[in-house]
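Here are a few short exercises to work through with the model open beside you. Try each task before reading its solution.

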Amino acid sequence: MHVPDIIIAIDGYSSTGKSSFAKLIAKEFSFLYLDSGAMYRAVTLFAMRNGMISEEGAVDTGSLNDALQSLDIHFGKGADGWHTFIGEECVDQDIRTIGVSSNVSPVAVIPEVRRYVDTKLVEYGRAGRVVMDGRDIGTTVFPNADIKIFMVADDNVRAERRLKEMRASGQEADFATVLANLKSRDYIDSHRETSPLRQAEDAVVLDNTDMTLEDQMEWIKALIKSRYGE
Ligand code: CDP
């Protein structure tokens, strides 16, 4: 199928399968896939490692904002796709822990952090043929994205998916903790002042509670065909 040089923005709640879907889209259409959440997670990991987040979860915003001036977080291309780096270090694994998940949403509310990440994302997206997932891609990062998708799914299904993913990567976690983390992040993400998680007016909702990834690919192909022809 021929897909024109468009930008596809996928936003939605935690663990709705945005990144799995975006990765498959990138593979099938030869698009660049960028995971904006990985950037927020890397900033959070950096802040945790440098004592900028207390045991109670309070963020030392002043120190973090100062550190952003010289902080080098970037995506780097490997043989098997893109990876997230802090300086020379690949942090793909370390940013997926429940510790980072617990602290990331309070870090992502900080306007300076959002500006830091947004500038980088816009730069990466400049080349076009991009699929990017996050919370504010269709509303803030790429308000002119050609296709905007807003993903939702049942809470319990989302928690089960995340639990499975964590166990597959060797992390132990229990259902209740994972579910509580998803709900807490959804709340903070939707209620923050700077670019909150919300459905863009021109976004199409995709509820994938009962859908497989293959179903989702059929769905997006039909959407692209309806807009751009064969
Ligand atoms: O994979 P999951 O949906 O659980 O989360 P993620 O995409 O890795 O994003 C982690 C967190 O980063 C979110 O809960 C948000 O607090 C923040 N985030 C954001 O504020 N804006 C984005 N564009 C992407 C992520």
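**Exercise 1.** Find how many helices and strands the protein chain has, and judge its compactness from the radius of gyration.

*Solution.* Start with the count: this predicted model has 9 helices and 8 strands in its protein chain. Next, take the radius of gyration, 17 Å, and set it beside the globule rule, which gives 17 Å for 230 residues; the two are close, so the chain is as compact as a globular protein of that length. Finally, for the extents, the C-alpha trace spans about 55 × 35 × 35 Å along its principal axes.

**Exercise 2.** Work out how much of the protein chain is buried, and what share of its contacts joins residues at least 24 apart.

*Solution.* Taking buried as under 20% relative accessible area, 47% of the 230 residues qualify. Then turn to contacts between residues at least 6 apart in sequence: 74% of these join residues at least 24 apart.

**Exercise 3.** Describe the surroundings of strand 1 (residues 7-12): is it covered, and which strands pair with it?

*Solution.* First, the cover: 6 of the 6 residues in strand 1 are buried. Second, the two faces: Ile 7, Ala 9 and Asp 11 point one way, Ile 8, Ile 10 and Gly 12 point the other way, and all are buried. Third, the partners: strand 6 (residues 130-134) runs parallel to strand 1 and is joined to it by 5 bridges, with Met 132 as the bridge partner of Ala 9. Strand 7 (residues 147-152) is also parallel to strand 1, again through 5 bridges, and here Ile 147 stands opposite Ile 8.

Definitions and conventions. Residues numbered from 1 in each chain as written. Predicted model: local features only at pLDDT ≥ 70, side-chain atom pairs only at ≥ 80, totals over all residues. Heavy atoms only, no water. Buried < 20%, exposed > 50% of the residue type's maximum accessible area, 1.4 Å probe, protein only. Helix = DSSP H or I, 4+ residues; strand = E, 2+ residues; numbered from the N terminus. Pairing = 2+ DSSP bridges. Rg over C-alpha atoms; globule rule 2.2 N^0.38 Å. Contact = heavy atoms within 4.5 Å.
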